[in-house]
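Visitor: I'm new to reading protein structures. Could you walk me through this one?

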Amino acid sequence: MYLADAKAPICSLKVQSHFEALPTVKARKYAHHMARAAHAGTRVVLRQVSAESEAIYDLIMKIHAHVQASPSSSPGKPDYVAVFANDSISKEQVQQYLDYASQFLSNLGNYKSFGDTKFVPRVSQEAFRALATAANAAEAFDAVRDPLYSTIPEKANLLGHLDQGHVTTYYSTAPGVATITQREIAAVQAVVTIEHGILPENSTVHKVAPGEFEFQIASAEPASGATTTAAPTSYELPNGLGRVTLKHGAHAREMGLVVRELEAAAAYVANDTQARMLAAYIDAFRTGSMEAHKQSQREWVHDAQPLVETNVGFIETYRDPAGVRGEWEGLVAMVNAERTAKFSKLVRDAEDYIARLPWPREFEKDTFTAPDFTSLEVLAFAGSGIPAGINIPNYDDIRQDVGFKNVSLGNVLSAKQNDSDEAITFLHEADQALYKKYHADAFEMQVGVHELLGHGTGRLFTAPAPAGLVHPGSGEPVTTHYAPGETWGSVFGAIAASYEECRAELVAMYLATEPAILETFGHATPEAQSDVAYAAYLQMARAGLLALEYWDPATAKWGQAHMQARFSILKCFLDAGLARIVYTDKTGFSDLVIELDRTQLPIAPGAGHPAVARYLQDIHSYKCAGDVTRGRALYSHMSDVEAADLARFRPVVLAKKQPRKQLIQPNTFASGATAADIEFRDYPETNQGMIQSFFDRTV
């Protein structure tokens, strides 16, 4: 189950026409330098995935450099078979190497970005070494051979806490020192972040010695706010656990490259807001100040409808097992005006839809700050994976007091469309045609509602709730709130990311039967609206079943936040009788399909499914009130695989799983002062094209 995918589909992000349609020299140069700033963090992502990922990356690049320089390859067309295939290395083994290299690069590491599970090459160690030897890279291969291929112990094949036997680089321990524990991590978090207000998103924690910890902060400079080498600040930890010392300068080279490209981009900003945003970014990455990054996000929210949309930083916390430290991420994209019109109408009507959500107004912000909601065509997305939509910033106070933006990534959605004639797994033959016809439309609507009305709704009680207020689902009194210094992430911890994705998905499901929303997305007739809503529910139910791939039975651990959420929603459907799992093969479940009771999905205003409403009421109100005890108990129950007796279906899900698509990004190159000197370069939809795209942007 840990072998790399064989011959996974590869798609190019189609964006050249949108880039070349930018109307000014400034806009194109701004996009170019912002893309380079985003990709300058590539090595940071590799280090955040696993200790060996950066060395594997360098091995792949070294092998590619040899192929590209070989007389057997023509310019821009590296021929791996011609260079390596011989009596000792077969064409099939060369293909297996290419499959691994491409999947590694599309995940920016040797753990899947969607699932957090390790994958290893199908090509044998002997053939891989022979190939590396032919490329003068045998020493580089030998240095990573063991972690490259090892799948023992089994727990080390999942990202997670070290003291549970899993793998993470967000927390580390010096050789010969007892492994850093979750108790120690929590103590560092409580002292540094909660007591002293130092945000953790751009940090890692290293246990130097017993009772001695470093809070390592990413910055181009070695000390906060200056180039001085002044001694960093230290804090005592509670319960005799020792001391933690702040240490700046992690990823200094990469942060310096980011700063350099941001300074270049600053010459091409479109307005004063962008100028202030970039100044704050530069301060943040130079000094390590997350307060400066927060200021960049305030400016970013105010930069409405730019020609080139960008965002960079340590953003999403999915892969930190404690749920508070962010992975490097950088987005650069152009607006798709036609698609944006749909989302703009959704924004205009948002307050009407929010009023229909199943909770009292006390659980909603006093005023809804209408965000920028655009459909973007991605030019660059640095990170371990590319989402279909984004709702940021993730800072609770900015979202509540300033606002946020939603973006839908149009060429990612398009690239993910399944135009194959092959049957969709786990669906009745009667549902196949409808699903293929409408699943892309349903997903576009789901992403839009999920981002705007899912992530964009709700308030956090930072003071005691009004007397007599009860949770709308359970009817229990609201007795909790967020204390000073606490955030949504710090209170809910490791489950926060998945819990929030579940809440947003439930909002999308609850509103999927709203005729006005369906019409906004282009479905005007009652028949089409009914079909799209049905496809949306069918898609969610199927995703919940496929989620079993991302649950590890040995540890009962979920490896992907969104899939844990979708599984819990499938359980909600099953408990309500909205969905059924049907089969006649009672041993291998080879004919297993999901059935939905379509009569339970009427298309009418306020006709959200009652079971979805009940689950959403609880999960939403517990988040608002910071009621982690009830919230964790509910979510643990709803995502418990064994309790639902669904674990038995995992083998057939694995047997029928299909490789995820890999997305190749283009590059831009500046060689002069005129707009024509910005070269746009696309790549073939092949493993070699994937490798070449990374080779061309490696610094």
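**A helix and its neighbours**

Guide: Sure, and let's begin with one helix: the buried residues of H8 pack against helix H4 (53–69), helix H6 (91–107) and helix H7 (125–134). Keep in mind that this is a predicted model.

Visitor: Which residues of H8 are buried, and what arc do they fall within?

Guide: The buried ones are Ala138, Phe141, Val144, Leu148 and Tyr149. Look down the axis of H8 and you'll see that they line one face of the helix, because they fall within an arc of 140°.

Visitor: Why would residues a few places apart line up like that?

Guide: An α-helix has 3.6 residues a turn, so residues three or four places apart point the same way.

Visitor: And which residues of H8 are exposed on the other side?

Guide: Buried means under 20% relative accessible area, while exposed means over 50%. On the other side of H8, the exposed residues are Glu139, Ala143 and Asp146.

Visitor: How far apart are the end C-alpha atoms of H8?

Guide: Helix H8 covers residues 138–149, which makes twelve residues. At 1.5 Å a residue they should span 16 Å. The model agrees with that, as the end C-alpha atoms are 15 Å apart.

Visitor: Just before H8 there's a loop. Is Asn136 buried or exposed?

Guide: Asn136 lies in the loop between H7 and H8. Its phi is positive, about 60°, although Asn136 is not a glycine. With a relative accessible area of 59%, Asn136 is exposed.

Visitor: What about Asp116, buried or exposed?

Guide: Asp116 sits in the loop between H6 and H7. Asp116 also has a positive phi of about 60° without being a glycine. Its relative accessible area is 9%, so Asp116 is buried.

**Annotated positions**

Visitor: Where does UniProt place the "active site" feature?

Guide: The record is an unreviewed entry, and the residue it marks is in helix H17 (residues 429–454). That residue is buried, with a relative accessible area of 6%. Its contacts, leaving out residues up to four places away in sequence, are Phe373, Gly389, Ile390, Asn391, Asn406 and Gly456. The residue is Glu451.

Visitor: UniProt also has a "binding site" at His450, His455 and Glu501. How far apart are their C-alpha atoms at most?

Guide: That feature, too, comes from an unreviewed UniProt entry. The three residues span 52 residues in sequence, yet they gather at one spot. No two of their C-alpha atoms are more than 8.5 Å apart.

Visitor: Are the two histidines, His450 and His455, buried or exposed?

Guide: His450 lies in helix H17, whereas His455 is in the loop between H17 and helix H18 (488–492). Each touches the other, and each touches Glu501. His450 has 6% relative accessibility, so it counts as buried. At 10% relative accessibility, His455 counts as buried.

**Rings and a few bends**

Visitor: How are the rings of Tyr281 and Phe285 arranged?

Guide: There are 26 aromatic pairs by the rule used here. In this pair the centres are 5.9 Å apart and the planes are at 10°, and planes under 30 degrees apart count as stacked. Tyr281 and Phe285 are four residues apart in helix H11 (residues 272–287), which means about one helical turn separates them. Both are buried, and the arrangement of the pair is stacked.

Visitor: And how are the rings of Tyr583 and Phe589 arranged?

Guide: Tyr583 is partly exposed at 23% relative accessibility, while Phe589 is buried at 7%. Their ring centres are 5.0 Å apart with the planes at 85°, so the pair is edge-to-face.

Visitor: Which charged residue has its end over the ring of Trp488?

Guide: The charged end lies 4.9 Å from the centre of the Trp488 ring. Elsewhere, Arg660 lies over the face of Phe114, 4.1 Å from the ring centre. Over Trp488, the residue is Lys623.

Visitor: Last one: what is omega for the cis peptide bond from Ile152 to Pro153?

Guide: Pro153 is in the loop between H8 and strand S2 (171–173). Another cis peptide bond joins Ile392 and Pro393, with omega about 10°. For the bond from Ile152 to Pro153, omega is near -5°.

Methods: Residues are numbered from 1 along each chain as its sequence is written. This is a predicted model: local features need pLDDT of at least 70, side-chain atom pairs count only at pLDDT 80 or more; totals for chains, interfaces and linings use all residues. Side-chain values use heavy atoms; hydrogens and water are left out. Rings of Phe, Tyr and Trp (its six-membered ring) pair if their centres lie within 6.5 Å; planes under 30 degrees apart count as stacked, over 60 as edge-to-face and the rest as tilted. Helices (H or I, at least four residues) and strands (E, at least two) are DSSP runs, numbered from the N terminus. Buried means under 20% relative accessible area, exposed over 50%, partly exposed in between (1.4 Å probe, protein chains only). A charge sits over a ring if NZ of Lys or CZ of Arg is within 6 Å of the ring centre and within 35 degrees of the ring normal. UniProt positions are given in the numbering used here, feature names are shortened, and annotations may be inferred rather than shown by experiment. Contact means heavy atoms within 4.5 Å. The expected span of a helix is 1.5 Å times one less than its number of residues. The arc is that of the directions from the helix axis to the C-beta atoms.
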